[in-house]
Amino acid sequence: MLGILSAGIAPGLALLSYFYLKDEYEPEPISFVLRTFLYGALLVFPIMFIQHVLETEHLVKSDLFDAFFSTGLLEEFFKWFVLFYAVYQHVEFDEPFDGIVYGVAVSLGFATIENIFYLIANGVGHAMSRALLPVSSHALFGVIMGFYLGKAKFTDGTKAKWLILSLFIPYILHSFYDFILLSLEHWVYIIFPFMIFLWWFGLTKVKKAKILSANHFKKQYSVQKTLQS
């Protein structure tokens, strides 16, 4: 059991540490990052309950519905909801890159508990494939969601566009990811190119968020200098 817990937790903590250390300006309080991770972990239970009801009531009648509603939409909406209502207005969310840190935290909290349950049911032999696919994909969906939430919070003017994109793009990517796994016989030949694209797309958002944070602090410094003069 200890081996399963270690194998289930390690990928999520490793990826969370990786993206946390990408924050070069004002690293977030570890306590609040871990609290956000815990929020994501707790999301597993209501989502699993809803998915169980949909399955037992035979409302999931196709792979397309399963991927785009009972998995992609439910999981990304709940993660977005937590980020928007528990983190977005928080004082610690004070630069654009913070959206990525907290987006990754809530996504990996969810992915870690889901991963532990899967390994308990199917064995620790699946740990490597789980780390490479579901856990890392959740992290990248969190990167993308957090990037657009950061854009929303620190962009002057209308924020609706960025808030919509913060949910819609992770939802579409997550749904296509699940649809590949659920419906395609030779899914392995498509999922790895998809994951390469997802990593590329996610890391471009990391680079852009760093630039946005740098510009944010330059602007703050300029304002402070003006007020002091």
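# Group meeting talk: patches, rings and charges

Hi everyone, let me start with helix α2, which makes the biggest contribution to the nonpolar patch, with 4 residues. Before I go further, please keep in mind that this is a predicted model.

So, the patch itself. Its members are Met1, Leu5, Ile9, Leu13, Leu38, Leu42, Phe45, Met48, Phe117 and Ile120, and together they put about 900 Å² of accessible area on the surface. Three helices each supply at least two of these residues: α1, spanning 2-20, α2, spanning 30-56, and α4, spanning 98-122. Take phenylalanine 117 as an example, which belongs to helix α4. Its relative accessible area is 34%, so phenylalanine 117 counts as partly exposed.

Now to the aromatic side chains. How many aromatic pairs does the structure hold? The count is 27. One of them joins phenylalanine 77 and phenylalanine 81: their ring centres are 6.0 Å apart and the planes meet at 40°, which makes the pair tilted because that angle lies between the 30 degrees that bounds stacked pairs and the 60 that bounds edge-to-face ones. Both residues lie in helix α3, which runs over residues 63-87, and they are 4 residues apart, about one turn of the helix. Phenylalanine 77 is partly exposed at 35% relative accessibility, and phenylalanine 81 is partly exposed too, at 38%.

That pair is part of a wider picture. Ring pairs connect Phe32, Phe77, Phe78, Trp80, Phe81, Phe84, Tyr85, Tyr88, Phe93, Tyr102 and Phe154 into a cluster. If you have the structure open, it is worth colouring those residues.

One member of the cluster, Tyr88, also has a charged partner. The charged end of lysine 153 sits over the ring of tyrosine 88, at 5.8 Å from the ring centre. Lysine 153 comes up again with glutamine 89, a residue in the loop between α3 and α4. Which residues does glutamine 89 touch, leaving out those up to four places away in sequence? They are Phe84 and Lys153. Glutamine 89 has a relative accessibility of 61%, over the 50% cut-off, so this residue is classed as exposed. For a sense of scale, glutamine 89 and histidine 138 are separated by 49 residues in sequence and by 23 Å in space, C-alpha to C-alpha.

On to the salt bridges, and there are 3 of them. In one, lysine 210 pairs with glutamate 24, with 3.2 Å between the closest N and O atoms. This pair links distant parts of the chain: lysine 210 is in helix α7 (residues 188-228), while glutamate 24 is in the loop between α1 and α2, and 186 residues separate them. Lysine 210 is partly exposed, with a relative accessible area of 21%, whereas glutamate 24 is exposed at 53%.

Another salt bridge joins glutamate 76 and lysine 79, whose closest N and O atoms are 2.9 Å apart. Both residues sit in helix α3, 3 residues apart, about one turn of the helix. Are these two buried or exposed? Glutamate 76 has a relative accessible area of 0%, which makes it buried, and lysine 79 is likewise buried at 0%. Those of you who set protonation states may want to look at that pair on the screen.

The salt bridge still to come is between the side chains of glutamate 114 and arginine 130, at 4.0 Å from N to O. Here too the pair links distant parts of the chain, with glutamate 114 in helix α4 and arginine 130 in helix α5 (residues 127-154), 16 residues apart. Glutamate 114 is partly exposed, with a relative accessible area of 23%. Arginine 130 has 10%, under the 20% cut-off, so this residue counts as buried. Arginine 130 has an aromatic partner as well: its charged end sits over the ring of tyrosine 118, 4.2 Å from the ring centre.

Finally, a quick stop at serine 175, in helix α6 (residues 160-183). Its relative accessibility is 0%, so serine 175 is buried. What is serine 175 in contact with, setting aside neighbours within four places in sequence? The answer is Ala67, Phe68, Gly72 and Leu73.

That's my tour, thanks for listening!

Terms used
Residues numbered from 1 in each chain as written. Predicted model: local features only at pLDDT ≥ 70, side-chain atom pairs only at ≥ 80, totals over all residues. Heavy atoms only, no water. Patch = residues over 30% accessible without salt bridge, like charges linked within 9 Å, V, L, I, M, F, W, Y side chains within 5 Å. Areas by Shrake-Rupley, 256 points an atom, 1.4 Å probe, with all protein chains shown as cover. Helix = DSSP H or I, 4+ residues; strand = E, 2+ residues; numbered from the N terminus. Buried < 20%, exposed > 50% of the residue type's maximum accessible area, 1.4 Å probe, protein only. Phe/Tyr/Trp six-rings, centres within 6.5 Å; stacked < 30°, edge-to-face > 60°. Lys NZ or Arg CZ within 6 Å of the ring centre and 35° of its normal. Contact = heavy atoms within 4.5 Å.
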